[in-house]
Amino acid sequence: RREVDSIKEVLHQLGMKNMYDMREKDEKEHHVGEMALCDGGDVLFTGRHLFVGISDRTNRAGFRFLKRVFGSSQGGCLPEDNIIAVPALVAGKEVLHLKSAVTHLDERTLLAPEGALGDTVLQSMNATGTERGYTAVRLPDVLSCNAVSVNGHVLAQDAQCKVSKERIEKACTERDLGVTFVDTSELAKKDAALSCCCVLLSV
């Protein structure tokens, strides 16, 4: 659908200089025989870690590409150990993407569903243990777990779940974050979510 080409052109127009295209031949991956694939819905950057969910649309070659680009050993901005592949336990199965089940409010707080789905995704990320040190705000509504946090403000989905809304508001207040609830009911009809409509740039 030529989405990549159109976005690439816009980024050029905005003056972005460092762009990496997974479609370009990479000799390091060529011998593996696997084309690098990555969908933004599987990539969660919290400010401390880059979590990459392996799914039907994001593969191990795509993860390795991101690790080379953003890893500090290649001049990137993150320590290698902070770029983490999340096994395909929920993404591509119970939910479409990693961020369909988990997103972040700030560098130490995640939104995740209650129940087995949330338990599985948090364990697969090893997120709430002492090693990575995240607090999880658990919500009864899965759709509400897809939020976008930028510049101290959270855009959250107004999914008509009162309990989820109250918990998000409380968590944002405790962390001195602003919050705006957005009606995404039309997006939901096509299995899309709030983060699907967002491309965050530092320009």
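**Group meeting: two sheets, their helices and two cores**

Three strands form an open sheet in the order E1-E2-E3, and the pairing in this sheet is mixed. Strand E1, residues 43-45, and strand E3 stand at the edges with a single partner strand each, so one side of each is left without a neighbour in the sheet. From one strand to the next the twist averages 20°. Before I go on, please keep in mind that this is a predicted model.

Staying with this sheet, E1 and strand E2, residues 50-53, run antiparallel and are joined by 3 bridges. If you want a place to look, find Leu44, which stands opposite Phe51 in E2. A helix also belongs in this part of the picture. Helix H3, residues 60-70, lies across E1, E2 and E3, and its direction is at about 170° to E3.

Now the other sheet. Here 3 strands form an open sheet in the order E4-E5-E6, again with mixed pairing. Its edge strands are E4, residues 103-106, and E6, residues 135-139, each of which pairs on one side only. The twist averages 35° from one strand to the next.

As a reminder on terms, strands of a sheet pair through backbone hydrogen bonds, either parallel or antiparallel. How many bridges join E4 to E5, and how do these strands run? There are 3 bridges between E4 and strand E5, residues 109-113, and the two run antiparallel. They form a hairpin, with 2 residues between E4 and E5. Along this pairing, Thr103 has Leu111 in E5 as its bridge partner, and Asp106 stands opposite Thr109 in E5.

On to the pairing of E5 with E6. These two strands run parallel and are joined by 5 bridges. Thr109 takes part here too, with Thr135 in E6 as its bridge partner.

Let me stay on E5 for a moment. Is E5 largely enclosed or left open by the rest of the structure? It is largely enclosed, because 5 of the 5 residues of E5 are buried. In a regular strand the side chains alternate between the two faces of the sheet. In E5, both faces are covered: Thr109, Leu111 and Pro113 are buried on one side, and Leu110 and Ala112 are buried on the other.

Two helices lie across this sheet. Helix H4, residues 115-125, lies across E5 and E6 and runs at about 140° to E5. Helix H5, residues 162-174, lies across E4, E5 and E6, running at about 155° to E6.

I will take one residue from each helix. Thr120 is found in H4. With a relative accessible area of 25%, Thr120 is partly exposed, because the cut-off for buried is under 20%. Leaving aside residues up to four places away in sequence, Thr120 touches Leu89 and Val90. Thr120 and Val90 are 30 residues apart in sequence, and 7.5 Å apart in space from C-alpha to C-alpha.

The residue from H5 is Ser164. Ser164 is buried, and its relative accessible area is 0%. Which residues does Ser164 touch, not counting those up to four places away in sequence? They are Leu139, Pro140, Asp141 and Ser144.

Next, the cores. In soluble globular proteins, nonpolar side chains tend to be buried together. The largest nonpolar core in this model has 17 residues. Those with the most contacts inside this core are Leu44, Phe51, Leu98, Val102, Leu110, Val121 and Met125. Strand E3, residues 83-86, together with E5 and H4, are the elements that give two or more residues to this core. H4 gives the most, with 4 residues. There is also a second, separate core of 14 residues, which includes Met22, Val43, Phe65 and Leu66.

You may recognise Leu44 and Phe51 from the E1 and E2 pairing, where they stand opposite each other; both are among the residues with the most contacts in the largest core.

Last, the rings. The structure holds 1 aromatic pair. There are also charged side chains over rings. Arg48 lies over the face of Tyr134, at 4.4 Å from the ring centre. Lys165 lies over the face of Phe181, and there the distance from the ring centre is 4.9 Å.

To close, look again at E5 in the structure: E5 pairs with E4 in an antiparallel way, pairs with E6 in a parallel way, and has both faces covered. That is the end of my part.

Key: Residues numbered from 1 in each chain as written. Predicted model: local features only at pLDDT ≥ 70, side-chain atom pairs only at ≥ 80, totals over all residues. Heavy atoms only, no water. Pairing = 2+ DSSP bridges. Axes fitted to C-alpha atoms, helices over the stretch in contact; angles between N-to-C directions. Contact = heavy atoms within 4.5 Å. Core = buried A, V, L, I, M, F, W, Y, C linked by side-chain atoms within 4.5 Å. Buried < 20%, exposed > 50% of the residue type's maximum accessible area, 1.4 Å probe, protein only. Phe/Tyr/Trp six-rings, centres within 6.5 Å; stacked < 30°, edge-to-face > 60°. Lys NZ or Arg CZ within 6 Å of the ring centre and 35° of its normal.
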